[in-house]
Amino acid sequence: MSSRTEAVKIAPNDAFNIQTVLWVKHWNEHLFSFAVDRPASLRFRSGEFVMIGLPTEARPLLRAYSIASPSYSDELEFLSIAVPDGPLTSRLRHIIAGDEIYLARKTTGTLVADALTPGKRLFLLATGTGLAPFLSIMRDPDIYERYEQVVIVHSVRHLSDLAFRDVLESRLAGDPLVEEEAAAKFRYLPIVTREPFPRQQRITTLMENGGLFEGIDGEPRLDPAHDRVMMCGSMDMIRDCSAILERLGFEEGSNAKPADFVIEKAFVG
Ligand SMILES: Cc1cc2nc3c(=O)[nH]c(=O)nc-3n(C[C@H](O)[C@H](O)[C@H](O)COP(=O)(O)OP(=O)(O)OC[C@H]3O[C@@H](n4cnc5c(N)ncnc54)[C@H](O)[C@@H]3O)c2cc1C
C-alpha cells in the first residue's frame, strides 16, 4: 500500500505521546489494522478509545480511535477505516512500520464492563470498525469471569470487511490468556449484507427472529434480568437496536450509572 521505505518521524508535542508504528496489516483497500508501542504511563480499560493523529502545519490532526488490544497488552492495536477523502485516514492508510503518530495521554469511553451491571450473557453488537473495542474486550480475561457466555455479532457489507474472521471463528484459539475460557464461552456471528453469505440479515432481525441465540445456552430471547449488551457502529444500527432493547425493558448504562446496555458511535457522520 505504500512505496516508502523511510519511516516518518514527527516533532515532539507536549500534549501528546509520540509512538512508533510496529506493524500494519491491510484487510482490503479501505480497512487496515496497525499497532504502536505502548507508553509506560498509559493506563486504560478494555473497550476505551483514545485520540490519535498525525502532524499538519498548524496543529496535530486528531481523531478518536477505539483501542483494539486488551488493557494488559504491551502494544496498542487499532482497526481503521480508510475514507478516500478523509482528512486523517487518507494519510494514515499509508503509514508503515517505523513511522510515528501522536497518541493522547488519556483514554475514555462507555464500552467498558464497569458500565454494565452483572449478568450472565454478554452480547457485543458491531458494524464495520465498531468491532475494534470488542477485540479488546473479548481478549480480556476479566470478561470471562463476569459472564457465562460472550457473543460477538459483526455486520459488514462485503466479505473482505470481516476482519479477524479466522481468529474469531477459531474462538480466539492460541490467545495466551483467554484461549480456554473462550473455547467454552465465546460465540461469533458474522453477517455480510451485500454479498452471498450464510447470514445476511440485519442485526435487528437476528434480535427479533432468534438468530442471535444460535449455538448459545438459555432462552432464545433477550431478557434484562440476565442479558447485557454493548453496541458500537453506525448510528442506524445503534438507534434501531437501542429501540428494541428499550422496548424489552433494558436501560442504558454509563460509567456513573451502570445498567443493562451501553453504546458508542464508531464514527460521527
Ligand atoms: C468514540 C469514537 C471511536 C472511534 N473509533 C474508530 C476506530 O476504532 N476505527 C476507525 O476507523 N474509526 C473510528 N472512529 C472514527 C474516527 O474518529 C474517524 O472519523 C475516522 O478515522 C476517519 O477520519 P478522517 O479524518 O479520515 O475522516 P472524517 O472526516 O473523520 O470522516 C469522514 C466521514 O467518513 C465516515 N467515517 C468515518 N469513520 C468511519 C468508520 N470508522 N466507519 C465508516 N465510516 C466512517 C463518516 O461518514 C464521516 O463523516 C471513531 C470515532 C469515535 C467518535
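Where does the ligand sit? In this model, which is a predicted one, the ligand sits in the largest pocket, and I would like to begin there before turning to the salt bridges.

The elements that contribute two or more residues to the shell around the ligand are strand E4, residues 61–66, and strand E5, residues 75–81. Of these, E4 supplies the largest share of that shell, namely four residues. Altogether 20 residues surround the ligand, and the closest are Ala64, Tyr65, Thr89, Thr129 and Ala266. Sorted by class, the shell is made up of twelve nonpolar, six polar and two charged residues.

Let me now go through some polar contacts, taking the ligand oxygen and nitrogen atoms in turn. Tyr65, which is among the closest residues, has an N or O atom in its side chain 2.7 Å from an oxygen atom of the ligand. Thr129, also listed among the closest, places a polar side-chain atom 2.8 Å from a nitrogen atom of the ligand. With Leu79, by contrast, the backbone is involved: a polar backbone atom of Leu79 is 2.8 Å from a nitrogen atom of the ligand. As for burial, the ligand on its own has 870 Å² of accessible area, and the protein covers 78% of it.

Finally, the salt bridges, of which the count comes to 15. One of them joins the side chains of Arg146 and Asp114, with an N to O distance of 3.0 Å. This pair links distant parts of the chain, 32 residues apart, since Arg146 belongs to helix H3, residues 141–146, while Asp114 lies in the loop between strand E6, residues 100–108, and strand E7, residues 121–127.

Conventions
Residues are numbered from 1 along each chain as its sequence is written. This is a predicted model: local features need pLDDT of at least 70, side-chain atom pairs count only at pLDDT 80 or more; totals for chains, interfaces and linings use all residues. Side-chain values use heavy atoms; hydrogens and water are left out. A residue is near a molecule or strand if one of its heavy atoms lies within 4 Å of it. A polar contact is a pair of N or O atoms within 3.5 Å; within protein, one must be able to donate a hydrogen and the other to accept it, and residues adjacent in sequence count only if both atoms are side-chain atoms. Accessible areas come from the Shrake-Rupley method with a 1.4 Å probe; for residues, only the protein chains shown count as cover. On a 1 Å grid over the protein atoms alone, a cavity is a set of points where a 1.4 Å probe fits but cannot get out, and a pocket is an open set with protein on both sides within 12 Å along at least five of seven lines; lining residues have an atom within 4 Å of a point. A molecule sits in a cavity or pocket if more than half of its atoms lie within 2 Å of its grid points. Ala, Val, Leu, Ile, Met, Phe, Trp, Tyr, Cys and Pro count as nonpolar, Asp, Glu, Lys and Arg as charged, and the others, Gly among them, as polar. A salt bridge is a side-chain nitrogen of Lys or Arg within 4 Å of a carboxyl oxygen of Asp or Glu.
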